[in-house]
Amino acid sequence: MHRRASLVLLNALSLSRLPLAAVFIVVSDSRLRALLVVLAAATDFLDGWIARHRGLATRWGALIDPVADRAFMVTAFLVCLLDGLIGPVELTLLLLRDIGTAIGFIVARLRPDMRAIELKARMLGKLVTTLQLAVLLCVLLYPPLVGPLVALVCLLSLASVVDYTRAVWGQRQRQQRPPSPPLGAPMGSVRK
């Protein structure tokens, strides 16, 4: 029962980013919005850290966490766009990785030969998420850094999409290989 309660708590922590996104829409004070960004980042770090260090990582949690991240991030960037704090080109560049991974996720789920592939977070993707949060903070508190950070996010997003595609493709290739014969077995003696 303790494990189940811990998992519920972790998932609630991940899902807490959804109400934070709703509050981001309602408030207009930049400092309060920046606090919401920091809270969203803290819940993201905390739920991931607890899951890894307590052995509580689950497939369900691995799905909830990025969905909650994207919901907060996309909501916050759209609000910033509507408030005139960023432009449509900047928004597109900031969400490039998210668009690419969403397309990849859909393709992987539609193709029967790719449905068994486990889609996991990658280090470059985590770095892009961290930089997106930094961009949000700069949009709200220090706009002169937004341009250079958007360019960096764009470059790392492209690298992240390539990295993620290679990882998924590599998993697909490994799944399609025939099993290796046992060590020491003479060639041709393995039954099919």
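These are my notebook entries on a predicted model of one protein chain.

**Entry 1: the overall layout**

I started with the secondary structure. The protein chain has eight helices and zero strands. Reading along the sequence, I get α-α-α-α-α-α-α-α. Next I looked up burial: of the 192 residues in the protein chain, 35% are buried. Then I checked the contacts with a separation of 6 or more, and 74% of them are between residues 24 or more positions apart.

**Entry 2: the nonpolar core**

Which residues touch the most other members of the largest nonpolar core? I found Phe24, Phe72, Phe77, Val135 and Leu136, out of 31 residues in that core. I then asked where the core residues come from. The helices α2 (17-26), α3 (30-53), α4 (59-82), α5 (88-94), α7 (123-141) and α8 (146-176) each bring at least two residues to this core. Helix α7 gives the most, with eight residues. A background note to self: in soluble globular proteins, nonpolar side chains tend to be buried together.

I picked Phe77 for a closer look. Setting aside neighbours within four places in sequence, I see Phe77 in contact with Ile86, Leu91, Leu94 and Leu95. Its other contacts on that count are Gln132, Val135 and Leu136. Two of these partners, Val135 and Leu136, I had already noted among the core members that touch the most others.

While I was there I looked up Val74, which lies in helix α4. Is Val74 buried, partly exposed or exposed? Val74 counts as partly exposed because its relative accessibility is 28%, and the partly exposed class runs between 20% and 50%. I also checked Val74 against Leu94: they are 20 residues apart in sequence, and their C-alpha atoms are 9.4 Å apart.

**Entry 3: Arg17, a charged residue inside**

Arg17 caught my eye next; it sits in helix α2. Is Arg17 buried or exposed? Arg17 has a relative accessible area of 1%, so it counts as buried, the cut-off being under 20%.

What does Arg17 touch, leaving aside neighbours within four places in sequence? I listed Ala40, Thr43, Asp44, Asp47, Asp65, Ala68, Asp69 and Phe72. Among them is Thr43, whose side chain makes a polar contact of 2.9 Å with the side chain of Arg17.

I followed that contact over to Thr43, which is in helix α3. Thr43 is buried too, because its relative accessible area is 12%. The Thr43 side chain also reaches the backbone oxygen of Ala40, at 2.9 Å. Not counting residues up to four places away in sequence, Thr43 touches Leu13, Ser16 and Arg17.

**Entry 4: the cavity**

I went looking for enclosed space. Rolling a probe the size of a water molecule over the atoms shows where empty space is left. How many cavities of 30 Å³ or more does a search of the whole structure find? There is one, and the largest cavity has a volume of about 40 Å³.

Arg17 turns up again here: it lines the largest cavity along with Ala40, Ala41, Asp44, Asp69, Phe72, Met73, Thr129 and Leu133. The elements giving two or more residues to that lining are α3, α4 and α7. By class I noted five nonpolar, one polar and three charged residues in the lining of the largest cavity.

**Entry 5: the pocket**

Last, the open space. The largest pocket has a volume of about 1700 Å³. Its lining has 45 residues, and I noted that Ala62, Asp65, Pro66, Lys120 and Ala121 lie nearest its centre. Asp65 I had met before, as a contact of Arg17.

Which helix gives the most to the lining of the largest pocket? Helix α4 does, with 11 residues. Helices α1 (2-15), α3, α4, α6, α7 and α8 each supply at least two residues of this lining. The classes split into 21 nonpolar, 10 polar and 14 charged.

I ended with Ala121, in the loop between α6 (96-110) and α7. Ala121 counts as exposed because its relative accessibility is 62%, with the exposed class set at over 50%. Ala121 and Ala62 are 59 residues apart along the chain, yet 8.2 Å separates their C-alpha atoms. Both of these alanines are on my list for the pocket centre.

Conventions: Residues numbered from 1 in each chain as written. Predicted model: local features only at pLDDT ≥ 70, side-chain atom pairs only at ≥ 80, totals over all residues. Heavy atoms only, no water. Core = buried A, V, L, I, M, F, W, Y, C linked by side-chain atoms within 4.5 Å. Buried < 20%, exposed > 50% of the residue type's maximum accessible area, 1.4 Å probe, protein only. Helix = DSSP H or I, 4+ residues; strand = E, 2+ residues; numbered from the N terminus. Contact = heavy atoms within 4.5 Å. Polar contact = N/O pair within 3.5 Å; in protein donor to acceptor, adjacent residues only side chain to side chain. 1 Å grid on protein atoms, 1.4 Å probe; cavity = no way out; pocket = protein on both sides within 12 Å on 5 of 7 lines; lining within 4 Å. Points joined across faces, edges and corners; volume = space filled by probe spheres on them. Nonpolar A, V, L, I, M, F, W, Y, C, P; charged D, E, K, R; others polar.
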